[in-house]
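Okay everyone, thanks for coming. Let me put the sequence and the structure up on the screen, and then we'll walk through a few spots together.

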Amino acid sequence: MFVDFATLGPDRDLTCDLCVVGSGPAGTSIVREFIGTSLKVILVESGDVDGNGDVQDLYVGESVGVDHTDLDACRLRMLGGSSNCWNGWCTAFDAFDFEPKSWVP
């Protein structure tokens with residue numbers, strides 16, 4: 001069931017056993033593990049089903065360290081998260097991924 005939080009009144013009850021934040025591949029996979037259990041699970045996503053420019057603008061910011069595509073251009077706040085811009089493309093880890101980074105504690 002999809003519920004737009006903006007349509008809920010002030011007496012909204014979001015009581016649950018588990019709240020998963022983000023509907024990308026990880027969040028959706030976790031929620032699916034609880035289908036058919038007795039737990040009440042809520043999956044929250046800051047975007048909507050089709051994307052929303054105002055919400056997407058929350059990603060505008062600065063990335064430090066390795067040069068990278070702007071955050072608001074490579075991340076999506078919508079149902080499915082950033083997997084909507086992957087086009088089915090994933091890559092294997094690179095040796096660089098495992099090297100210490102001075103900007104990462």
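Let's start with a warm-up: where is the place of Arg 75? Have a look along the chain. Arg 75 sits in the segment after H3. Before I go on, keep in mind that what you see is a predicted model. Back to our arginine: Arg 75 counts as partly exposed, because its relative accessible area is 38%. Now compare its position with Arg 12. Those two are 63 residues apart along the chain, and their C-alpha atoms are separated by 29 Å.

Next stop, a serine. Is Ser 23 buried or exposed? Ser 23 has a relative accessibility of 3%, and the cut-off for buried is under 20%, so Ser 23 counts as buried. You'll find Ser 23 in the loop between strand E1, residues 18-21, and helix H1, residues 25-33. If you measure over to Ile 42 on your screen, you go 19 residues in sequence and 11 Å in space, C-alpha to C-alpha.

Now scroll along to Glu 45, in the loop between strand E2 (41-44) and H2. Glu 45 has a relative accessible area of 24%, so this one is partly exposed. From Glu 45 to Asp 57 it's 12 residues along the chain, with 15 Å between the C-alpha atoms.

Okay, on to the surface. Which residues form a nonpolar patch there? They are Val 64, Val 66, Phe 96, Trp 103 and Val 104, and together they have about 440 Å² of accessible area. Let's pick out two of them. Val 64 is in the loop between helix H2, residues 53-56, and helix H3, residues 71-74. Why does Val 64 count as exposed? Because its relative accessibility is 56%, and exposed means over 50%. Val 104, on the other hand, lies in the segment after H3. With a relative accessible area of 46%, Val 104 is partly exposed. Here's a nice one to find yourselves: Val 104 and Gly 65 are 39 residues apart in sequence, but 8.8 Å apart in space, C-alpha to C-alpha.

While we're at the patch, look at Phe 96 again. Lys 101 lies over the face of Phe 96, at 4.2 Å from the ring centre. There's another case with an arginine: Arg 77 lies over the face of Tyr 59, and there the distance to the ring centre is 4.3 Å. As for rings paired with rings, the count is 1 aromatic pair.

Last topic, the cysteines. How many disulfides does a search of the whole structure find? The answer is 0. Take Cys 19: it is in no disulfide, and the nearest cysteine sulfur belongs to Cys 16, 5.0 Å away. A disulfide needs the two sulfur atoms within 2.5 Å, so that pair doesn't qualify. Cys 19 is partly exposed, because its relative accessible area is 43%. Cys 85 is partly exposed too, with a relative accessible area of 31%.

That's my tour, so over to you for questions.

Notes: Residues are numbered from 1 along each chain as its sequence is written. This is a predicted model: local features need pLDDT of at least 70, side-chain atom pairs count only at pLDDT 80 or more; totals for chains, interfaces and linings use all residues. Side-chain values use heavy atoms; hydrogens and water are left out. Rings of Phe, Tyr and Trp (its six-membered ring) pair if their centres lie within 6.5 Å; planes under 30 degrees apart count as stacked, over 60 as edge-to-face and the rest as tilted. A charge sits over a ring if NZ of Lys or CZ of Arg is within 6 Å of the ring centre and within 35 degrees of the ring normal. Patches are made of residues with over 30% relative accessible area and no salt bridge: like charges are joined within 9 Å, nonpolar side chains (Val, Leu, Ile, Met, Phe, Trp, Tyr) within 5 Å. Accessible areas come from the Shrake-Rupley method with a 1.4 Å probe; for residues, only the protein chains shown count as cover. A salt bridge is a side-chain nitrogen of Lys or Arg within 4 Å of a carboxyl oxygen of Asp or Glu. Helices (H or I, at least four residues) and strands (E, at least two) are DSSP runs, numbered from the N terminus. Buried means under 20% relative accessible area, exposed over 50%, partly exposed in between (1.4 Å probe, protein chains only).
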